Amino acid sequence: MTHAMLKGANVPLDATAVRAVLHWSAGQGVPAVDASALLLTPEGRVRSDEDFVFYNQPRHPSGKVWRLGQKRVADGMTDTVQADLSGVPEEITRILVTASTDPDATPFETVRSLRLSLYDAGAEGAEPIAYFDIKPETGAETALICGELYRRGDGWRLRAVGEGYSDGLVGLATDFGISVDESAEPDASPAAEPAPGPVAPAPAAEPAPSLAAPGPMPEAAPVAATSFPLPPQQPPSYGYPPAAATQQQPPAYGYPQPVSAWPDPAFKLPPQGPQFIGQ
């Protein structure tokens, strides 16, 4: 009887060798799906990178788990992982059956009708023991843990998992202890820096201009008044005009020009009275 499994369900296995077949519908824009297997210890980790069976390492060193590869069938595509459960090393307690769209890393929302079917490898042409229709939770996943073969006592069971990773097979594998070489190209060597020389002291930083309102301008200091006495003015003589000051010269620095009290040398006396007219 074939068991239709829901996420989280499990079924016991009587077969000692099984084939886990991933099946999906082919079509334009649908990526190829790669099946892989991770062999885990009770700590949930691989013992080494050899416990990772995938397209670049299709066979486990024990010879008990291997990948059969993709195949086109009448209604789509398949990829298969086979395991001889009776010969799996005792320290391996779980085998994860995974799916990924690497290296294209196309989200699983574009993969239609993804199903995991488990067959008894010793019964050719028999119906599957169980199947699980896998529906990604977000659609953005690029790698999925589809199912888990795990030990229970002296036997094995299959659990339907359906958990996804958005960082592809690399993220899934490293989560279980695989060291993944992504073959990143090394960065170009930086140019050699000149040998350090004496460093000149940095100039003092100028204060930033203040945006505060300006304060009152300081008052100018009072200047003491200085008086300079003028020469005494004599009353004019009768008939003489007042003495004219001589042409002033520019004052010397800090001193006012003195005022002359002497008559102009070019001055001529006018005729003296009417008694001189006609003489």
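Where is the place of T41? T41 sits in the loop between β4 and β5, with helices (H or I, at least four residues) and strands (E, at least two) taken as DSSP runs numbered from the N terminus. T41 is buried, with a relative accessible area of 10%; buried here means under 20% relative accessible area, exposed over 50%, and partly exposed in between (1.4 Å probe, protein chains only). Leaving aside residues up to four places away in sequence, T41 touches R47, E91 and T93, where a contact means heavy atoms within 4.5 Å.

Before going further, a word on what you're looking at. This is a predicted model, where local features need pLDDT of at least 70 and side-chain atom pairs count only at pLDDT 80 or more, while totals for chains, interfaces and linings use all residues. Residues are numbered from 1 along each chain as its sequence is written, and side-chain values use heavy atoms, with hydrogens and water left out.

Now step from that loop into the sheet. Six strands make an open sheet, in the order β2-β12-β11-β8-β4-β5, with antiparallel pairing; two strands count as paired if DSSP finds at least two bridges between them. At the edges stand β2 (10-13) and β5 (52-53), each with a single partner strand, so one side of each has no neighbour in the sheet.

Strand β8 (residues 94-100) is a good one to follow. Six of its seven residues are buried, so β8 is largely enclosed by the rest of the structure. It pairs with β4 (residues 34-40) in the antiparallel sense over seven bridges, and there D34 stands opposite S100. With β11 (residues 143-152), β8 again pairs antiparallel over seven bridges; in that case R94 has Y150 as its bridge partner. Moving the other way, β4 is joined to β5 by two bridges, also antiparallel, and A37 stands opposite V53.

Helix α1 (residues 168-175) lies across β4, β5, β8, β11 and β12 (155-165). It runs at about 30° to β11, an angle taken between N-to-C directions on a scale from 0 to 180 degrees, with axes fitted to C-alpha atoms and, for helices, over the stretch in contact.

There's a hairpin to look at too: β6 and β7 form one with two residues between them. β6 (residues 65-73) and β7 (residues 76-84) pair antiparallel over eight bridges, and R67 has V81 as its bridge partner in β7.

What about the inside? The largest nonpolar core (buried Ala, Val, Leu, Ile, Met, Phe, Trp, Tyr and Cys residues joined through side-chain atoms within 4.5 Å) has 39 residues, and L13, L22, V65, I95 and L149 touch the most other members. Strand β3 (residues 17-25) gives the largest share of this core, four residues. A second, separate core of 15 residues includes L40, L169, F176 and I178. Back in β8, I95 has contacts that include A37, V65, L149 and W156, not counting residues up to four places away in sequence.

Finally, confidence. The mean pLDDT of the protein chain (the predictor's confidence in each residue, from 0 to 100) is 78, and 64% of its residues reach 70 or more. Among the elements, α1 has the lowest mean pLDDT (92) and strand β10 (residues 130-133) the highest (98). Over residues 184-231 the pLDDT is below 50, and beyond near neighbours in sequence this stretch has four contacts in the model. Residues 242-247 are below 50 as well, with seven such contacts. Where pLDDT is low, the predicted coordinates shouldn't be read in detail.
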